Amino acid sequence: MKPRRIILIRHGESQGNRNPESYATIPDYALELTDTGKHQALEAGKALRALIGEGSVFFYISPLWRTRMTFEQIARSFPREQFRFREEPRIREQEWGHLRNMEDNADIDESRNAFGSFYYRIPEGESAADVYDRISDFFGTLHRDFEKENFPENVIIVTHGMALRLFLMRWFHWTIEEFDTYANPRNGEYVVMETEGGKYQLRTELRRRPPQHKYQRPIRLDGDD
């Protein structure tokens, strides 16, 4: 039986979110939550417990330190016997390569926006398309887990902004142009999917943004308006 809910949450505010200069001296995976980020995660945990109640929970957690720390704060709102968890490297954030200063990161951001955020591959890192592929591979594990006996009623995926959007893109079959109209959730925000008639519906309104680059060509068929 499918879980009743799939909930995706972006980690709380990290050192990198607070101070982009951190990326020059701290590996991306080792960036930790700020005190604000810990508070955001703790409050998210309280809200999730209120939503889920006594229902059983399975957490999938990106192994980056900021997502581990987010999970630790969320878990404080749940009795230990209520949940199980597993680290899942395929839901980690888009790879930005190795240590870089602010100026180099700003140049990459500018190039990515000009080329197209889905296709642009970061030097020594990944494109969003690469992340989409590994998220797609994760879906196989997810569906096999859903078929296990007594699998929990709720799934919470503790991940990152871009990875979260790409999960939704893959699940709901968004086009690349549709994907490009959505913004990442803010730090500590979560997105709820619930089953209705055997099919998951998105219960959370996502933030929108204007298209980020000039190259837009949706498929057009004869007879379309």
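What kind of unit do S2, helix H3 and S3 make? Let's find out in this predicted model, one close-up at a time.

**View 1. Strand S2, helix H3 and strand S3 form a right-handed β-α-β unit.** Start at S2, which covers residues 57–61, pass through H3 at residues 65–75, and finish at S3, residues 83–87. The two strands of this unit, S2 and S3, run parallel and are joined by five bridges. To find one of these pairings, look for Phe-58, whose bridge partner in S3 is Arg-84.

**View 2. Strand S2 also pairs with strand S4.** S4 spans residues 154–159, and its pairing with S2 is parallel, over five bridges. Phe-58 is a handy landmark here too: in S4, its bridge partner is Val-155.

**View 3. The residues of strand S2 are buried.** Five of the five residues in S2 have under 20% relative accessible area, so the strand is largely enclosed by the rest of the structure. Follow how the residues point: Val-57, Phe-59 and Ile-61 go one way, while Phe-58 and Tyr-60 go the other.

**View 4. Helices H5 and H6 pack against each other.** H5 (residues 128–146) and H6 (residues 161–172) meet at an angle of about 65°, and their axes lie 9 Å apart. Their crossing is right-handed. Among the residues making the contact are Ile-135, Phe-139 and Leu-142 of H5, together with Leu-166, Phe-167 and Trp-171 of H6. How many residues of this contact are nonpolar, polar and charged? The contact of H5 with H6 has 14 nonpolar residues, two polar ones and one charged one.

Methods:
Residues numbered from 1 in each chain as written. Predicted model: local features only at pLDDT ≥ 70, side-chain atom pairs only at ≥ 80, totals over all residues. Heavy atoms only, no water. Buried < 20%, exposed > 50% of the residue type's maximum accessible area, 1.4 Å probe, protein only. Helix = DSSP H or I, 4+ residues; strand = E, 2+ residues; numbered from the N terminus. Pairing = 2+ DSSP bridges. Right-handed = clockwise from strand over helix to strand, strands pointing away. Axes fitted to C-alpha atoms, helices over the stretch in contact; angles between N-to-C directions. Left-handed = near helix turned anticlockwise from the far one by under 90°. Contact = heavy atoms within 4.5 Å. Nonpolar A, V, L, I, M, F, W, Y, C, P; charged D, E, K, R; others polar.
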